[in-house]
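The exercises below are to be worked with the sequence and the coordinates open. Try each task before reading its solution.

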Amino acid sequence: MWESESESVRGRDQGNGVLGLNKHGVSNDGFERRDQSWFVTTDIPSDVLVQVRDVSFHLHKYPLLSRCGKMNRIIYDSRDADLNEIELDDLPGGPDAFELAAKFCYGIAVDLTAANISGLRCAAEYLEMTEDLEEGNLIFKTEAFLSYVVLSSWRDSILVLKSCEHLSPWAENLQIVRRCSESIAWKACTNPRSIRWAYTGKPPTSVSSPKWNEMKESSPNRNHQVPPDWWFEDASILRIDHFVRVITAIKVKGMRFELIGAVIMHYAAKWLPDLVKEGPGDEGSHSSNSSVYSWKGGLHLVIAGNKEDPPNVLIREQRTIIESLISIIPPQKDSVSCSFLLRLLRMANMLKVSPALVTELEKRVGMQLEQANLADLLIPSYNKSETLYDVDLIHRLLEHFLVQEQTEASSPSRQSFSEKLGYEAPQRGNIPSAKMRVAKLVDSYLTEVSRDPKLSLTKFQVLAEALPESVRTCDDGLYRAVDSYLKVNSI
C-alpha cells in the first residue's frame with residue numbers, strides 16, 4: 001500500500017542533478033518498457049492508462065494525483081467516476097518528458113541533465129506540479145537546476161537553448177529562452193580567461209551540432225590566448241530565432257560591432273551555403289573580416305526553384321534566415337563586409353524577401369559601395385523579361401551611395417581628429433577617393449553589362465550619368481563601355 005501523504009514528503013534530496021523521493025509506498029524497482037508501452041514493476045495493478053502521443057503509460061492514480069494538479073482536475077472534474085484512460089498528446093517534451101515526470105511521482109531517482117531539463121521543466125508546468133500539492137515538487141526542482149546549474153555553464157546554456165526549439169511556446173512563456181540567451185550573451189562578452197567553461201574553439205568537421213559529451217570543462221591557461229571568435233561556432237548551432245535573441249542580448253551588453261558582424265557572417269556561412277564566395281577580387285574587399293567566413297555550395301541549387309513564391313521548405317527557411325540576419329546587422333559602417341552584403345542582397349532578391357528589408361539592405365550596401373568588387377555587383381535579374389543583370393538595382397545602390405557621401409560630407413562628425421585640434425587638414429583626403437573607386441567600378445560594370453542585347457540605351461545612359469563627371473580621373477573605362485555597347489547593339 002502507499003504511505004500517507006505526510007510521510008511521503010520526508011527524505012527528499014537533490015544532488016548532482018539526481019532527484020529522488022526515497023519513498024517506498026510502491027514496491028517497485030522502476031519502469032519497464034515493452035514495445036510502445038511503459039509499466040511500473042509493482043504487484044499493484046495499474047488503474048490508469050496515460051497516452052502521450054504513440055506511447056502508453058500503465059500507471060497508478062495516487063502517485064500522479066499527489067503531485068500533478070492537472071491530473072487532479074482531469075480525474076476529479078470528470079463525470080466519469082471510473083475514468084481510467086487519459087490522453088496528453090499536447091504535453092511539451094512528449095513521452096520522454098512524461099516518463100521522467102512519472103518516475104518522479106513514483107519516487108524513482110531522475111537524473112537531470114542539460115539535454116532533458118527544458119522538456120521536463122515544460123512538462124512539469126503543463127502537469128501543474130506545484131508547491132501547493134507538495135513541497136519540493138518538480139517545478140521547484142527543475143527551476144533550481146536551471147538557475148544554479150545550467151545558467152552557470154556556457155555549454156549547458158547552449159545545449160538547453162538548442163533543446164527549446166521543439167518546446168514553443170512553453171519554453172518562451174517560462175522564460176527559458178530569455179534566460180539562456182542572456183546567460184550566453186553575458187559569457188560571450190566576458191573575458192574567457194576569467195571564467196571556467198567549455199568551448200569548441202574551431203568548427204566541427206560536420207554540419208551537425210558539436211558532440212557535447214566530448215567537450216571538457218576547461219579554463220584557458222594564462223599562456224594560451226583565447227581568440228575573440230571562440231564562441232562563434234557554438235552560437236551558430238542555434239536556430240535563427242534563438243540566434244537573434246542571443247545577438248540582441250549581446251548588443252545590449254555592448255560587444256564591439258565588428259565582432260557582432262563577424263559572427264553574423266559566420267552564421268550565414270553555416271546556414272546559407274548557397275551564398276557563393278568566388279573570384280580573386282573578394283580577398284581584399286574587407287580585410288578585417290574576409291578571413292572569418294567561407295562560402296560553399298552554388299546559387300544554381302536555388303535558382304531552379306525560383307517561381308512566384310516557392311513552396312519548398314528549405315527556401316522558406318533560407319528566406320527567414322536572411323530576413324532575420326538583415327534585421328540584426330549592426331548599424332555601424334564596416335560591421336560586415338560589402339561583399340557579404342551584396343551576396344545577401346542577391347539571395348534576398350532571389351528568394352523574394354520582404355521589400356522593406358531589401359531596401360534596408362540596399363542602403364547598407366550604399367554605405368560602403370567603394371569596397372565592392374565587380375563579381376558581386378553582377379546580380380542576375382530574376383525577371384526573365386528584363387535584362388540579364390539587375391541594372392536598376394545597381395542604379396539604386398549608386399543613389400544610396402551618393403546620398404550617404406553627401407550626408408557624411410556635410411556632417412560635423414566627418415571632421416578629422418587633426419581638424420578638431422586646429423591643424424590644417426589635407427586638401428584632398430579620403431572623401432573623393434571613395435567616389436573615384438566607385439566610378440571605376442561602375443565603368444567596369446557598364447562594360448560587362450553592355451554585352452547584354454536586352455539592355456536598353458536609356459538604362460545604359462542613366463547608369464553612366466549617375467555619377468558626376470568630376471569623380472572620373474580618366475574616361476577610358478567609360479569609353480570602353482560605350483564602345484562595347486555600340487558593337488553589341490549596332491544595326
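## Exercise 1: a strand and its neighbours

Val50 has Phe57 as its bridge partner in strand 6. The model is a predicted one.

Task: determine which strands pair with strand 5, in which direction they run, and which way the side chains of strand 5 point.

Solution.
1. Strand 6 (residues 55-59) runs antiparallel to strand 5, and five bridges join the two.
2. Strand 7 (residues 85-87) runs parallel to strand 5, with three bridges. Here the partner of Val50 is Ile86.
3. In a regular strand, side chains alternate between the two faces of the sheet. In strand 5, Val48, Val50 and Val52 point one way, while Leu49 and Gln51 point the other way.
4. Five of the five residues of strand 5 (residues 48-52) are buried.

## Exercise 2: positive phi and a cis bond

Task: locate Asp35, Arg53 and Pro169, and state what is unusual in the backbone there.

Solution.
1. Most residues other than glycine have a negative phi, and most peptide bonds are trans.
2. Asp35 has a positive phi, near 55 degrees. Asp35 sits in the loop between strand 3 (31-34) and strand 4 (37-40). Its relative accessibility is 72%, so Asp35 counts as exposed, the cut-off being over 50%.
3. Arg53 also has a positive phi, near 60 degrees. Arg53 belongs to the hairpin of strand 5 and strand 6, where two residues lie between the strands. With a relative accessible area of 44%, Arg53 is partly exposed.
4. The peptide bond from Ser168 to Pro169 is cis, with omega near 0 degrees. Pro169 is in the loop between helix 7 and helix 8.

## Exercise 3: helix 9

Task: check the span of helix 9 and decide how far the helix is enclosed.

Solution.
1. Helix 9 (residues 176-188) has 13 residues, which at 1.5 Å a residue should span 18 Å; the end C-alpha atoms are 18 Å apart, in agreement.
2. Of the 13 residues, 10 are buried, so helix 9 is largely enclosed by the rest of the structure. Among them are Arg179, Cys180 and Lys187.
3. The cover over these buried residues includes helix 5, helix 6, helix 7, helix 8 and helix 11.

## Exercise 4: a helix pair

Task: classify the packing of helix 11 against helix 12.

Solution.
1. The packing angle is about 170 degrees, and the axes of helix 11 and helix 12 are 11 Å apart.
2. Helix 11 is therefore roughly antiparallel to helix 12, since the cut-off is over 145 degrees.
3. Ile240, Phe243, Ile247, Ile250 and Lys251 of helix 11 meet Ile260, Val263, Ile264 and Tyr267 of helix 12.
4. By class, this contact has eight nonpolar, no polar and one charged residues.

Definitions and conventions. Residues are numbered from 1 along each chain as its sequence is written. This is a predicted model: local features need pLDDT of at least 70, side-chain atom pairs count only at pLDDT 80 or more; totals for chains, interfaces and linings use all residues. Side-chain values use heavy atoms; hydrogens and water are left out. Buried means under 20% relative accessible area, exposed over 50%, partly exposed in between (1.4 Å probe, protein chains only). Helices (H or I, at least four residues) and strands (E, at least two) are DSSP runs, numbered from the N terminus. Two strands pair if DSSP finds at least two bridges between them. The expected span of a helix is 1.5 Å times one less than its number of residues. Contact means heavy atoms within 4.5 Å. Axes are lines fitted to C-alpha atoms, for helices over the stretch in contact, and angles run from 0 to 180 degrees between N-to-C directions. Angles under 35 degrees count as roughly parallel, over 145 as roughly antiparallel, 65 to 115 as roughly perpendicular and the rest as oblique. Ala, Val, Leu, Ile, Met, Phe, Trp, Tyr, Cys and Pro count as nonpolar, Asp, Glu, Lys and Arg as charged, and the others, Gly among them, as polar.
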